[in-house]
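Dear colleague,

I am passing on to you the structure we spoke about, with the sequence alongside. Please look it over first; my notes on what was found in it follow below.

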Amino acid sequence: MASWLRKKEVHNKAPDLDSPLLTVKGIERSFQVGSQKLQVLKGIDMELKRSQLVMLRGRSGSGKTTLMNLIGGLDEPSSGEIFFLGHPFHKCSDDQRTHIRRQEIGFIFQSFALMPLLSARENVELALRMAGTPRSQWKSRVAHCLELVGLSKRMNHRPFELSGGEQQRVAIAKAIAHRPSLLLADEPTAELDSQMGAQIMSVFQSIIATEQVTICMTTHDPTILEVADHVYEMVDGRFVS
């Protein structure tokens, strides 16, 4: 496996803060639906810079989730290029992309995706276990992540004992536990009221400042766009200005 895939080597090397974390060039993605080819993405160019909050805005069916899946290595483009940490992500094998996701990318889903029988602490700990983080680091890292999202006093509660906003904050703590470079969030405020949504945005801003992570999220909500460093508007598989 190429040396850039090894987390220790990647993080011991000081990053070039002027270079983009991720670059997308001419990405297209189509799917075969019966005898017809459905083109979902139609030539996407974008950059994710370090320590920024970037939003993909658009209606359902505009291509936001498909693009997020490509950025996160969950899918492959039909054509075009994706460079992550300066290396050709689009040329990686399935196993290599899986390794990169476990080490460098965190995911947040609108359904929270928490294990219902595990406490908040245990859910975050599970992420560290899956990433191969040494056991000796679990306790301090879990405590730090839950404190960062404001849940230090709720760490022993299970998801059903937490509000929707608190569950989403546990999901965020879980997603950042392994110190990813990139955090991908699919409609993270969709199931929350406006007050809870604003709290999640505040948590994101704190995380960016503290963890030096880049966050890319999809949204329908026009009320949260003002906190973004950059907004990409998507219509029918393209960016519009």
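In which helix is Arg97 found? Arg97 belongs to helix 3, which covers residues 94-104, and I should say at once that everything here refers to a predicted model. With a relative accessibility of 7%, Arg97 counts as buried, because the cut-off for that class is under 20%. The side chain of Arg97 is joined to the side chain of Asp94 by a polar contact of 2.7 Å, and, once neighbours within four places in sequence are left aside, Arg97 is in contact with Gly73, Asp75, Glu76, Phe89 and Cys92.

Turning to the nonpolar cores, the largest of them has 40 residues, and those with the most contacts inside it are Met55, Leu146, Val149, Ile172, Phe204, Ile207 and Met217. Two or more residues are given to this core by each of strand 3 (53-57), helix 4 (120-131), helix 5 (138-148), helix 6 (164-176), strand 7 (182-186), helix 7 (194-211) and strand 8 (214-219). Apart from this core lies another, of 26 residues, which includes Leu21, Leu22, Leu67 and Met234. As for Leu146, if residues up to four places away in sequence are not counted, Leu146 touches Ala120, Arg121, Val124, Leu151, Ser152, Met155 and Ala173.

Helix 6 and helix 7 pack with their axes 10 Å apart and at an angle of about 20°; since angles under 35 degrees count as roughly parallel, that is how the two helices are described relative to each other. The crossing of helix 6 and helix 7 is right-handed. On the side of helix 6 the contact is made by Gly165, Gln168, Arg169, Ile172 and Ile176, and on the side of helix 7 by Met196, Gln199, Ile200, Val203, Phe204, Ile207 and Glu211.

Within strand 3 you will find Val54, which counts as buried at 0% relative accessibility. Leaving aside neighbours within four places in sequence, Val54 is in contact with Leu48, Ile215, Cys216, Met217, His230 and Tyr232. The C-alpha atoms of Val54 and Ile71, 17 residues apart along the chain, are separated by 13 Å.

Ser62 lies in the loop between strand 3 and helix 2 (64-71), and, at 4% relative accessibility, Ser62 also counts as buried. The side chain of Ser62 reaches the backbone oxygen of Arg59 at 2.8 Å, while the C-alpha atoms of Ser62 and Leu41, which are 21 residues apart along the chain, are separated by 8.5 Å. Not counting residues up to four places away in sequence, Ser62 touches Val40, Met234, Val235, Asp236 and Gly237.

Asp236, one of the residues that Ser62 touches, brings me to the backbone. Most residues other than glycine have a negative phi. Asp236, however, has a positive phi of about 50° although it is not a glycine; Asp236 is placed in the loop between strand 9 (230-235) and strand 10 (238-240), and counts as exposed at 52% relative accessibility. Arg179 likewise has a positive phi, near 60°, and is a residue other than glycine. Arg179 is found in the loop between helix 6 and strand 7, and is partly exposed, with a relative accessible area of 42%.

With kind regards

Notes
Residues numbered from 1 in each chain as written. Predicted model: local features only at pLDDT ≥ 70, side-chain atom pairs only at ≥ 80, totals over all residues. Heavy atoms only, no water. Core = buried A, V, L, I, M, F, W, Y, C linked by side-chain atoms within 4.5 Å. Buried < 20%, exposed > 50% of the residue type's maximum accessible area, 1.4 Å probe, protein only. Helix = DSSP H or I, 4+ residues; strand = E, 2+ residues; numbered from the N terminus. Contact = heavy atoms within 4.5 Å. Polar contact = N/O pair within 3.5 Å; in protein donor to acceptor, adjacent residues only side chain to side chain. Axes fitted to C-alpha atoms, helices over the stretch in contact; angles between N-to-C directions. Parallel < 35°, antiparallel > 145°, perpendicular 65-115°, else oblique. Left-handed = near helix turned anticlockwise from the far one by under 90°.
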